[in-house]
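Me: I am new to this structure and would like to understand how its descriptions are justified. Could you take me through the reasoning behind them?

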Amino acid sequence: MGVTMKGEGKGVMKSKMKCVGLIGLVLSAFSLFVHFLLARFTDKGIAEYQSSITIFSWRPTFESYDLAITSPLYRRLWGPVKHLEPLLPDANPRTYYDDPSSQTTGFIFVKIQGGFHEIRNSISDVVAVSRFLNATLVIPEILSTTSSKGISSQFKSFAYLYDVDQFMITLEKDVKMVKTLPKNLKGARRKKEIPVFKVPYSASPYYYLQHVLPVLNKHSVVELVVGDGGCLQDTLPPHFEEYQRLRCRVAFHALQFRQEVLELAQRVLQRLRSPGRPYIAFDPGMTRDALAYHGCAKLFQDVHTELIQHKRSWMMKRGIVKGKLSVNSEDQRLNGSCPLMPEEIGIILRAYGYSRDTIIYVSGGEVFGGQRTLIPLRAMFENVIDRSSLTMGWELSRIYGREANLESYPKSPPSVVEDRKAVEWKFAGPRPRPLPPPPARPKTYNIEGWWGWVAESNNEPDSTVIELRTNAHKLLWEAIDYVICVEADVFIPGFDRDGKGRPNFASLIMGHRLYQSAASKTYRLNSHYRKELANLLENNHRDLYHANHTWLTSIRRLLTRSLVNGLTEASNESKPLSFLSHPVPECSCLRRVPAEMSFNYSSPTHIQVQAALGVRNHCPAWMDHGSISHSKDKETEEDIDEDDSLSSGLFFKYNSSRESIGEEMNKEEAQLDDQDEDGRE
């Protein structure tokens, strides 16, 4: 009996221990769930847990020591451009400028088509046109794609990308605006009873006076369809200078991204700066349209060349491209008409002195050729990242909004060969008939991928719903990249033209950086500098990874010249095509330099730069209290004692045997004289 009770007692104890263990496991699981829930839905949760938990694919690796901010090498790599430090943003009106009248000539409804940079240019133009015509502007509708099958209407709204309230409040003293048309005009628009103008690219103000204004006075409403990236000429007459400053207020102040997008961009920027190191933003500019327009097909291999040539043929049929279908891509590259490849950008950055562990952020909604084109750049720099390395899937999907189910849509177009065989079998004559198509079987290679149609058809298939949605979401991706690039310590473009030969996304960033912080380091590699760089790379192509002192000095002098001389060339090349890519001198002013520092800012170099940029207006007194560099070093004769091994021979990690060879090849330690930022040799 006692033995039986003792056995039952042990069983009860074991069951109690099991219950306690089970309760402990449940509580632990619940605690872990709450832990990650707070990390996900708390604004600062991710930043707090990042130091202890690696939640992103980017794991930074740093080998070299931190450079002192006061060191000459740091100033050359990351420091401000001294000649441009007195240049400050000033887009406020400078002459008599009255508020918009309550009695306007009518409503202007605008539909804008194009990519990110084209939409941004067009919005600035339509605001200036509305002010010019004294009209009420309806918040524009943006269209990143002309097809709407399966696309939510929210992806075509202005509010999908930009903050509507911020836009209206910032411009309330410039233009009268409303969010929608009145009900009676909405009905007339649905019935297509209101006049529509497909505005030509870069139209003059007199076009609107002669053609649009009379119709607007008669019908009280007009619809403008704006494509090609702008509806107002970029170089306006001198007496229209206030409209240029209005464009700057629109692009650089009123056009703020919607709150969710801006918050995500700021989180990405915070994660990027968390290691405490400066970073370079690199925009490749390698889109399929740009490569096709400029005849750069043979920079790639395999099917990529076919895709570019097919796009060029399509452009020629529509009159976008004039010339031959087949172009010598090598000549185009040496002429500066093609983008610099990521490998070439990596080589010139290493040649300039940036170490292997430099952080490089790759921007852009599309890098044609995919990630494989970035492999050489990643081999030269260990911390090459993009937005996908610094965000999680749920963060991006949350800013997209609700989407319908895509399971009912085909993922790839049907095979043309199988369709043809089925038709032949159906309409064949008397027996013997041709054999029917074989049953479908799983394929071991990707012939039905996004490029599979090249092997079977001369016609590019229509975009799928997934592709259309991806194009719509690219606006958000580029919005994040835009913020990162504008705030970067250094910006370098691979190309500055789009698929129509006009300034592209990178040019828009360079214009914003010139307006917001002119002295920030921006390498402006236009066609002239791309030509020089391409020839330097070609002449030394056998020893690119073991370059000599003369070649390194040439690369460094060329990049240094592009910091300032590139501005004057952009004024002649880019500004007539896109004012926002070079908003100087209309939207800038000169800081009054203190008397004790006048020796450093009254040199011939500074005077020449200011004269070339055409800036004459002095900044208001309240803007003169900012910090300015007190360095008394002579930029014209600044000698930097640097170990050439940082850039001449060690592009990749070598094993011990190769390290000994590299050391022998890099024993020559020389002082590398930097070229002055005004380009004089």
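**From values to names**

Reply: In this predicted model, asparagine 548 caps the N-terminal end of H21, with a side-chain oxygen 3.4 Å from the backbone nitrogen of threonine 550.

Me: What makes the pair formed by asparagine 548 and threonine 550 a polar contact?

Reply: A polar contact requires N or O atoms within 3.5 Å, one able to donate a hydrogen and the other to accept it; the side-chain oxygen of asparagine 548 and the backbone nitrogen of threonine 550 lie 3.4 Å apart, so the distance falls within that cut-off.

Me: Where is the kink in helix H21 centred?

Reply: The kink, of about 50°, is centred on leucine 563, in a helix that covers residues 549–573.

Me: What lines the largest cavity?

Reply: Its lining consists of 15 residues, among which Met510, Arg524, Gly566, Ala570 and Ser574 lie nearest the centre, and both helix H19 (505–516) and H21 supply at least two residues of that lining. The space inside is about 130 Å³, and the lining divides into 5 nonpolar, 7 polar and 3 charged residues.

Me: Why are the buried residues of helix H6 said to lie on the same side?

Reply: In H6 (residues 183–190), Leu185, Gly187 and Ala188 are buried, which means that each has under 20% relative accessible area. Because these three cover an arc of only 155° around the axis, they are placed on the same side of H6. On the other side of H6, Lys183 and Arg190 are exposed, so each of those two has over 50% relative accessible area.

Notes: Residues numbered from 1 in each chain as written. Predicted model: local features only at pLDDT ≥ 70, side-chain atom pairs only at ≥ 80, totals over all residues. Heavy atoms only, no water. Bend = angle between axes of the 7 residues up to and from the residue. Helix = DSSP H or I, 4+ residues; strand = E, 2+ residues; numbered from the N terminus. 1 Å grid on protein atoms, 1.4 Å probe; cavity = no way out; pocket = protein on both sides within 12 Å on 5 of 7 lines; lining within 4 Å. Points joined across faces, edges and corners; volume = space filled by probe spheres on them. Nonpolar A, V, L, I, M, F, W, Y, C, P; charged D, E, K, R; others polar. Buried < 20%, exposed > 50% of the residue type's maximum accessible area, 1.4 Å probe, protein only. Arc of directions from axis to C-beta.
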